[in-house]
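Me: I am new to reading protein structures. Can we go through this one in short questions and answers?

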Amino acid sequence: MALLVASYGAIEYTMLTKERLEDALRVQASTMLSENIAIGVGMFEEAGAPEEMQLVFREVVKDGISIIAVDTSTGEVVGVGFNKIHIPLKDGEEDALASFVENNIKHRSCHELINFLNDIESKVNFFERYNADAVMEIFYIATDSRYRGRGIGSRLMESCLEVGKKLQSGEIKKVLMSEEIVYECAVPKAAFAVCTTNFTHRIAEKLNFEALAEVRYMDCTIKGRKLSERIDNNHEKEDAWYINIRHC
């Protein structure tokens, strides 16, 4: 089974396997400290919440379509792209990840983060808009802080889209990360991402994503505080305060 998605110099972008999961989660844990929504919902003010959030990532990878960036000179995982499959649900059916969160996640901030993203994503019916029976959510993109400024984040996003294309062509297959692959037969026909910073906005624009919805941090209140009260306005563009759902 082909695992290589793309290669740029010393950095290879490959499908995530069980053997590299803990390495990928280490990158996720260190980078989430600066993730706007996690900060906005007060995740790092609630003891145990960041650790519990990793349970959600462990569920996301069961779809078998996540990727990592690997420095071939050291063998280190230096970037991650966690991807999630969505399919249209019949009346009474519940999404597999939503069911897991409901039954296993206890911390308020974890629920707030997931509900916040779900509320934004619900503004667009991707299945009807793009006549798709499955779509891929680029759930989380991150680069190890030591490797930032090298274009890895942009290439991670591009490689996530390449995964969708190669799944359609049959060049790659989903990776078994647990007892079974969630939605094993579903092949995404479209991809979307919730962009939370100027940096991810610029990547999405570069890759010709279509902006479909936006929300201001200053208009969202959680536990009596606006998200913008916790999130530093350290971006140059005004739309640092926006979250855009984009499609490619």
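Reply: Start with one definition: a crossing of two helices is right-handed if the near helix is turned clockwise from the far one by less than a right angle. Keep in mind that this is a predicted model.

Me: Which hand does the crossing of α1 and α3 have?
Reply: Picture one helix in front of the other. A clockwise turn of the near helix counts as right-handed. For α1 passing α3, the crossing is right-handed.

Me: At roughly what angle do the axes of α1 and α3 cross?
Reply: Two packed helices are described by the angle between their axes and the distance between the axes. Helix α1 covers residues 21-31, and helix α3 covers residues 49-60. Their axes come within 11 Å. The crossing angle is roughly 135°.

Me: Are α1 and α3 oblique or roughly parallel to each other?
Reply: Angles under 35 degrees count as roughly parallel, and over 145 as roughly antiparallel. The axes here cross at roughly 135°. The two helices are therefore oblique.

Me: Which residues of α3 make the contact with α1?
Reply: Take the α1 side to begin with. It brings L21, E22, L25, Q28 and A29. The residues of this contact divide into 4 nonpolar, 2 polar and 2 charged. On the α3 side, the residues are Q54, F57 and R58.

Me: Against which elements do the buried residues of α1 pack?
Reply: An α-helix has 3.6 residues a turn, so residues three or four places apart point the same way. In α1, the buried residues are L21, D23, A24, L25, V27, Q28 and T31. They pack against α3, β3, β4 and β5.

Me: At about what angle do α3 and α5 pack?
Reply: Helix α5 spans residues 108-121. Its axis and that of α3 are 8 Å apart. The packing makes α3 oblique to α5. The angle is about 45°.

Me: Which residues of α5 touch α3?
Reply: From α3, the contact uses A49, E52, M53 and V56. The residues of this contact divide into 6 nonpolar, 1 polar and 1 charged. From α5 come S109, C110, L113 and I114.

Me: Is L156 buried or exposed?
Reply: L156 lies in helix α7, residues 152-169. Among its contacts are Y13, I67, V80 and I141. Buried means under 20% relative accessible area. L156 has 0%, so it is buried.

Me: Where is G64, which has a relative accessible area of 2%?
Reply: G64 is buried. It touches M15, K174, V175 and M177, leaving aside residues up to four places away in sequence. Its place is in the loop between α3 and β3.

Me: How many salt bridges does a search of the whole structure find?
Reply: Side chains of opposite charge can pair when their charged atoms come close. One example is E59 with K62, at 2.7 Å from N to O. E59 is buried, at 17%, while K62 is partly exposed, at 23%. The whole-structure search finds 11.

Me: How many residues apart are K189 and D133?
Reply: K189 forms a salt bridge with D133, with the closest N and O atoms 3.3 Å apart. K189 sits in the loop between α7 and β6, and D133 in the loop between α6 and β5. The pair links distant parts of the chain, 56 residues apart.

Me: What is the distance between the closest N and O atoms of R20 and D23?
Reply: R20 is partly exposed, with a relative accessible area of 23%. R20 forms a salt bridge with D23. The closest N and O atoms are 2.8 Å apart.

Me: What is the phi of N131 near?
Reply: Most residues other than glycine have a negative phi. N131 has a positive value, and it is not a glycine. It lies in the loop between α6 and β5, and it is exposed, at 72%. Its phi is near 50°.

Me: What is the phi of K223?
Reply: K223 sits in the loop between β8 and β9. It is exposed, with a relative accessible area of 62%. Although K223 is not a glycine, its phi is positive, about 55°.

Terms used
Residues are numbered from 1 along each chain as its sequence is written. This is a predicted model: local features need pLDDT of at least 70, side-chain atom pairs count only at pLDDT 80 or more; totals for chains, interfaces and linings use all residues. Side-chain values use heavy atoms; hydrogens and water are left out. Axes are lines fitted to C-alpha atoms, for helices over the stretch in contact, and angles run from 0 to 180 degrees between N-to-C directions. Helices (H or I, at least four residues) and strands (E, at least two) are DSSP runs, numbered from the N terminus. Angles under 35 degrees count as roughly parallel, over 145 as roughly antiparallel, 65 to 115 as roughly perpendicular and the rest as oblique. Contact means heavy atoms within 4.5 Å. Ala, Val, Leu, Ile, Met, Phe, Trp, Tyr, Cys and Pro count as nonpolar, Asp, Glu, Lys and Arg as charged, and the others, Gly among them, as polar. Buried means under 20% relative accessible area, exposed over 50%, partly exposed in between (1.4 Å probe, protein chains only). A salt bridge is a side-chain nitrogen of Lys or Arg within 4 Å of a carboxyl oxygen of Asp or Glu.
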